[in-house]
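Colleague: I'm new to this one, so could you take me through a single part of it slowly? I'd like a close look at the annotated site.

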Amino acid sequence: MSSFFSCCIVFLSVICFCTKICFADSDNLQDTCPTSPSAKQTIFINGFPCKNPNDNIAPDFKTSKLTKAGNTDNFFGSSVNIVTAAELAGLNTLGLSIARTDLRVDGLVALHSHPRASELFFVSKGTVLAGFIDTQNRAFQKILKEGDVFVFPRGLLHFSLNAGNDFATAFSVFNSQNPGVVGISGAMFKNDLDMIYKITKGFLSDHFKNVTFPGSSSLNRQQFRNLNPII
């Protein structure tokens, strides 16, 4: 019985350890590890090389990139500025990154996800409607006032909308030094036509080798593509 109990403890410990690895960046092995400046990166690792600890200075851990509002003069009326370890050297190996979101009246940050991080969304100014959609297509959304915080779980589609009558600003913290962004609008409306062609040609090649229209000569696939660039 005691042996069985010991095996259970070991099993649970392994599960907890693996879960920690899966849901956050790896722990750093020293106090700090500011990114080493490099004119040209020749070695690619899961993160950035560290400076010599003796060369660390206070500015490595400070940024002013989030002090000013972003440009919201666009279709969605929003701006998101993410600062990762690539911009703030002191973030390297800490498993953190930060962002500023600015929303003009009726501004929207369209549905998107962060595949490598959960997000804490803190409203510092204005009124914001924030929400996410889980894997069962259930929507969770709340009106946030100044000082409110909302959580966007890792990998789930989420959005934010200015629900007030004035400019709105929010700050976010991610539990990854490189959270990544996958946007639905970008995937739908900014497709590379060459990529679409490569994806579809396997299905359409046989049909468009020789396309003949009434009263016209035969067209080959390239000519047809020139007439129909979306294919």
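Among contacts in the chain between residues at least 6 apart in sequence, what percentage join residues at least 24 apart? And then, what does the site itself look like?

Modeller: Sure. Keep in mind that this is a predicted model. On the contacts: 69% of those between residues at least 6 apart in sequence join residues at least 24 apart. The chain has 4 helices and 12 strands, and 30% of its 231 residues count as buried.

Now to the site. The "binding site" annotation comes from an unreviewed UniProt entry and covers H114 and E119. Let's start with H114, which sits in the loop between β3 (108-113) and β4 (119-125). Its relative accessibility is 3%, so H114 counts as buried, given that buried means under 20%. Leaving out residues up to four places away in sequence, H114 touches I82, E119, R154, G155, H158, F174, P179, G180 and V181. So the other annotated residue, E119, is among the residues that H114 touches.

Over to E119, then. E119 lies in strand β4. E119 is buried too, because its relative accessible area is 6%, again under the 20% cut-off. With residues up to four places away in sequence left out, E119 touches H114, F150, V151, F152, H158, S172, V173 and F174.

Put the two lists side by side and you'll find H158 and F174 in both. If you want to trace the site on screen, pick out H114 and E119, the pair covered by the annotation, and then add H158 and F174, which each of them touches.

Methods
Residues numbered from 1 in each chain as written. Predicted model: local features only at pLDDT ≥ 70, side-chain atom pairs only at ≥ 80, totals over all residues. Heavy atoms only, no water. Helix = DSSP H or I, 4+ residues; strand = E, 2+ residues; numbered from the N terminus. Buried < 20%, exposed > 50% of the residue type's maximum accessible area, 1.4 Å probe, protein only. Contact = heavy atoms within 4.5 Å. UniProt positions renumbered as here; feature names shortened; annotations may be inferred.
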